[in-house]
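Subject: The structure for you to look at

Hello,

Here is the structure I wanted to pass on to you. Have a look at it first, and then read on for what turned up in it.

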Amino acid sequence: MLFLVASNTQTGWVYLLSGTIFGALITGWWTSRRALRPAGFRLWVPPSAPRGQGFSATMSWSFASRGYPAYWRPLQGLTLDQQGRETALLEPGARELRIWLIAERRGIYNSIDGEITCYGPLAWFAARRALAPELSQPLHVLPRRLQMSQQAVQALSRGALGERRGQPSGQGDLRRLREYQVGDDVRSIHWASSARRGELVVREFSQGGALQLVLCWGCHPDCLHQLEAFEEMLDWVHTYFVHARESGWPVQLLAPQADGSWSRSEQAEILAGAGLWATPAPPPWNDVEGWARLDFWLGPYPGREVRAFEFGEQARPERRLA
């Protein structure tokens, strides 16, 4: 019928061609939308990853698209680098894919917002749906780990940040032998005594040259708008934390809370959820024996009890972190 109309009218061929193209586009859009039926998506991620660095993750799914490849990409906070592409290709019939994600923003992620796309037969008018895969565990995106200057590394190694001196690898004098407890370092087990007693026995040392470090941070009330400087400050807190841990020192983090209290933790994950709260004064420090403390402050540091580094526009030049 269309052929007869087209052959007997002056503009019929134009209408016929336009109708054919329009029908093909509608068919392609409908086919893509019908084929895209995502289900059972899950993303296996590590417990933590530094900001700005990539990490490997595994995506699994029960169904993506029917008969056509699909593409998934994260939308906020993370980017995907799949051999130079920003989308992950989900082949028809596949059920699992190894992907490489880069954390762009610090925080705690209980889900990762994303989008799945299917282009169908014509690769026009693709069907898209929002898709946030279920995470295997919360992902803690930590601050960056920066490169410390050689002078700062040497100062940290000598224990120059606090009152302690000596080699950081030293364990001090042997105080006694005691029964093994959960969490003790297996390197401290005294195997000869353990064999005689029939139970594990560990060495307990007095605190020798090993530095025990407390890292604290805060923000002057007038500097709450300096978000970039706040992230830089946390980068340095994390850098000192990692260097001290790699040296075998006990390290604690002292973080301000929204209600004015202070939270103490030995895990770096507390840095992922650190908020920018006004802290008019640092927490009191009674010079606990065997521990040194180092403060990082956004704006002028209000305390004098411990050594501190200042960040931001109002930081004094002599108190900036070199």
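A good place to begin is the surface, where R34, R37, R66 and R129 together form a positive patch. Please keep in mind throughout that this is a predicted model. Of these arginines, R37 sits in strand β1, which covers residues 36-39. R37 has a relative accessible area of 38%, so it counts as partly exposed.

Just along the chain you will find F41, in the loop that connects β1 with β2 (42-44). Is F41 buried or exposed? With a relative accessible area of 8%, F41 is buried, because the cut-off for that class is under 20%. The C-alpha atom of F41 lies 8.3 Å from that of L131, although the two residues are 90 apart along the chain.

Next, the salt bridges. How many does a search of the whole structure find? The search gives seven, and I picked out a few for you.

One of them pairs E134 with R42, with N and O 3.0 Å apart. E134 belongs to strand β13 (residues 134-142) and R42 to strand β2, so this contact ties together parts that are 92 residues apart in sequence. Both side chains can be reached from outside to some extent: E134 is partly exposed at 49% relative accessibility, and R42 is partly exposed at 22%.

Another salt bridge joins D235 and R51, again with an N to O distance of 3.0 Å. This pair links distant parts of the chain, since D235 is in helix α5 while R51 is in the loop between β3 (48-50) and β4 (54-60), 184 residues away. D235 and R51 are both buried.

The third one to look at is R128 with E115, where the closest N and O atoms are 4.0 Å apart. R128 is in strand β12 (residues 127-130) and E115 in strand β11 (residues 114-118), so the bridge ties together parts 13 residues apart in sequence. Here the two partners are placed differently: R128 is partly exposed, with a relative accessible area of 45%, whereas E115 is buried at 18%. There is also a wider network, in which salt bridges with shared partners join R73, E115 and R128.

Helix α5, the home of D235, deserves a visit of its own. This helix runs over residues 227-246, and at 1.5 Å a residue its 20 residues should span 28 Å. The C-alpha atoms at its ends are 29 Å apart, which agrees with that expectation. Why can α5 be called largely enclosed by the rest of the structure? Because 14 of its 20 residues are buried. After α5 comes G248, which has a positive phi, near 85 degrees.

A positive phi also turns up in a residue other than glycine: Q83 has a value near 55 degrees. You can find Q83 in the loop between β7 (78-80) and β8 (88-90). Q83 counts as exposed, because its relative accessibility is 76% and the class starts at over 50%.

If you would like a short route through the model, start at the positive patch with R37, go on to the salt bridge of E134 and R42, and finish at α5 with its buried residues.

Enjoy exploring, and do write back with any questions.

Best wishes

Key: Residues numbered from 1 in each chain as written. Predicted model: local features only at pLDDT ≥ 70, side-chain atom pairs only at ≥ 80, totals over all residues. Heavy atoms only, no water. Patch = residues over 30% accessible without salt bridge, like charges linked within 9 Å, V, L, I, M, F, W, Y side chains within 5 Å. Areas by Shrake-Rupley, 256 points an atom, 1.4 Å probe, with all protein chains shown as cover. Salt bridge = Lys/Arg side-chain N within 4 Å of Asp/Glu carboxyl O. Lys, Arg positive; Asp, Glu negative; His and termini not counted. Charge placed at Lys NZ, Arg CZ, Asp CG, Glu CD. Helix = DSSP H or I, 4+ residues; strand = E, 2+ residues; numbered from the N terminus. Buried < 20%, exposed > 50% of the residue type's maximum accessible area, 1.4 Å probe, protein only. Expected span 1.5 Å × (residues − 1).
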